[in-house]
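Here is a quick walk through one model, from a piece of sheet to a pocket and then to the nonpolar cores. Have the viewer open as you read.

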Amino acid sequence: MSHLHGRRRLAGSLLALLACLALAGCGTLETNAPATPTPAASVAPTSAAEASPTEAPPATPAPTIADLAWQLVDLPDAADVGSIADVVALPGTVVAMAAGGAAGEHGIAWSSGDAGATWASEPLPGNTHGVGRSIAWGDRVLTLGEGDGDCAHPAVTKIWIRDAAGGWKAAPFDPLMCAGGIAQAAAAGDHAVILGTGAGDVGFAWSSDDGLKWTDRSSVFNGRMPQGVATDGSGFVAFGAGPFPGPNWSARSADGSTWEEPVPLPGLAEGSIIGNPVVLDGEIAVFVGDPSGAIGVLKPDGSDGWRSELTTGLTRETLSRIVAVGDGLVALGGGDAGPLAWISADGVAWRPLELPPEATESGTDAALNGAAIVDGRAYLVGQIRRKDGGTSGSLVGALWSGPAELLQP
């Protein structure tokens, strides 16, 4: 509650300041010291230039209420985008990704390198059936989705890589991409990893040094169902479940090419792993939902194992994803009333996050998919229902920008 009260006091102070400034100034600061009289001038000016008063510098515009809240961004080439899938923070640049068209048949990204003042659209090469999660890989972006391929089923994993200059390349089709299912990714240094559980509950794991050519590393996960992967200072850590009725497990790899045998997870190990693991203060945190509705967070115990804590402020039925943002974590989800979000500094104690009005007014039609902070600006992406215009009522992709404090724990 202290965070909430503090933010209310901050909001009240800002509103008072804005009202004061709007009424032609707040006056000068008063002190207890007596005023010092100004001595009279003893020499008359010798020229008109000397007699003219010094021109005051232009005043800095006072902040407005709009500067302190979420603002919906009008992105270029976004007319046929029904939802924005994710947003990623790079050094000095923010990048958002989506699929456009009636069937999501073309991928598109937007980037800004000036704190969200201007945006450039960047087409993703090739066709797609949808765009999923993205991760930062140094100054690059790795984006996952679905596309076309010569497979026995339609779900083909699509992979795009964005370079530091804003150019995109699609990984050439490889039969291993026929795995389908839900994939997660992590990257560190020269190595990237993709893993997940494909059609028929068959686990898969791939590694790459450039994001375009991938090598199958799935053998150690035979009979298991990988569900997430993250990276810390010691390499990669995969998380998953099975073989049933076995518990959840974790497995380590230095570079994503050779994996150790999976070991059971403690605590709420019988529940379901929620989304992809995150990194907080240099340590991996994985969230597990108990059948009772409780959510536990697993963190390293300092002895190559894991310790479990119960979270407060989160419930399993309303939660879909947790992402690392700035110095904390943001949880995204929703319920019968519409989208929801929470924020935390430690992954244990959570509080509700104030959402943009367009998201709350759209009710259950709205969704929040990702969040990021870059150079003092916060970003949220998802979808809302349009209320006006020629296509009134349609679902449209949404990106909001605001001060970083909106996403600070």
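Which residue in S13 is the bridge partner of Ser207? It's Thr215. Bear in mind that this is a predicted model. That Ser207 pairing belongs to the link between S12 (residues 203-208) and S13, two strands that run antiparallel and are joined by 2 bridges. Zoom out and you get an open sheet of 4 strands, in the order S10-S11-S12-S13, with antiparallel pairing. Its edges are S10 (182-188) and S13 (215-216), each of which pairs on one side only. As a reminder, strands of a sheet pair through backbone hydrogen bonds, either parallel or antiparallel.

Now for the pocket. The largest one holds about 980 Å³ of space. It is lined by 38 residues, and the closest to its centre are Ser134, Ile135, Ala136, Val323 and Ala324. The edge strand S10 turns up here too, as one of the strands that supply at least two residues of the lining, along with S2 (81-90), S6 (130-137) and S14 (225-232), among others. S23 gives the most, with 6 residues. By class, the lining breaks down like this:

| Class | Residues in the lining of the largest pocket |
|---|---|
| Nonpolar | 23 residues |
| Polar | 10 residues |
| Charged | 5 residues |

Ser134 is worth a click. This serine is found in strand S6. Is Ser134 buried or exposed? Ser134 counts as buried because its relative accessibility is 7%, and the cut-off for buried is under 20%. Leaving out residues up to four places away in sequence, Ser134 touches Asp86, Val88, Met97, Val141, Leu142 and Thr143. Trp160 sits 26 residues from Ser134 along the chain, with 9.3 Å between their C-alpha atoms.

On to the cores. In soluble globular proteins, nonpolar side chains tend to be buried together. The largest nonpolar core here has 23 residues, and those touching the most other members are Trp70, Val325, Val330, Ala371, Trp400 and Leu407. Strands supplying at least two residues of this core include S23, S24 (328-335), S27 and S28 (377-385). So which residues does Ala371 contact, beyond its neighbours within four places in sequence? They are Val87, Val323, Val325, Val330, Tyr379, Leu380 and Leu407. Val323, for its part, is also one of the residues closest to the centre of the largest pocket.

Apart from the largest core lies another one, of 21 residues, including Trp137, Met177, Ala179 and Ala192.

Definitions and conventions. Residues are numbered from 1 along each chain as its sequence is written. This is a predicted model: local features need pLDDT of at least 70, side-chain atom pairs count only at pLDDT 80 or more; totals for chains, interfaces and linings use all residues. Side-chain values use heavy atoms; hydrogens and water are left out. Two strands pair if DSSP finds at least two bridges between them. On a 1 Å grid over the protein atoms alone, a cavity is a set of points where a 1.4 Å probe fits but cannot get out, and a pocket is an open set with protein on both sides within 12 Å along at least five of seven lines; lining residues have an atom within 4 Å of a point. Grid points are joined across faces, edges and corners, and a volume is the space filled by probe spheres set on the points. Ala, Val, Leu, Ile, Met, Phe, Trp, Tyr, Cys and Pro count as nonpolar, Asp, Glu, Lys and Arg as charged, and the others, Gly among them, as polar. A nonpolar core is a set of buried Ala, Val, Leu, Ile, Met, Phe, Trp, Tyr and Cys residues joined through side-chain atoms within 4.5 Å. Buried means under 20% relative accessible area, exposed over 50%, partly exposed in between (1.4 Å probe, protein chains only). Contact means heavy atoms within 4.5 Å.
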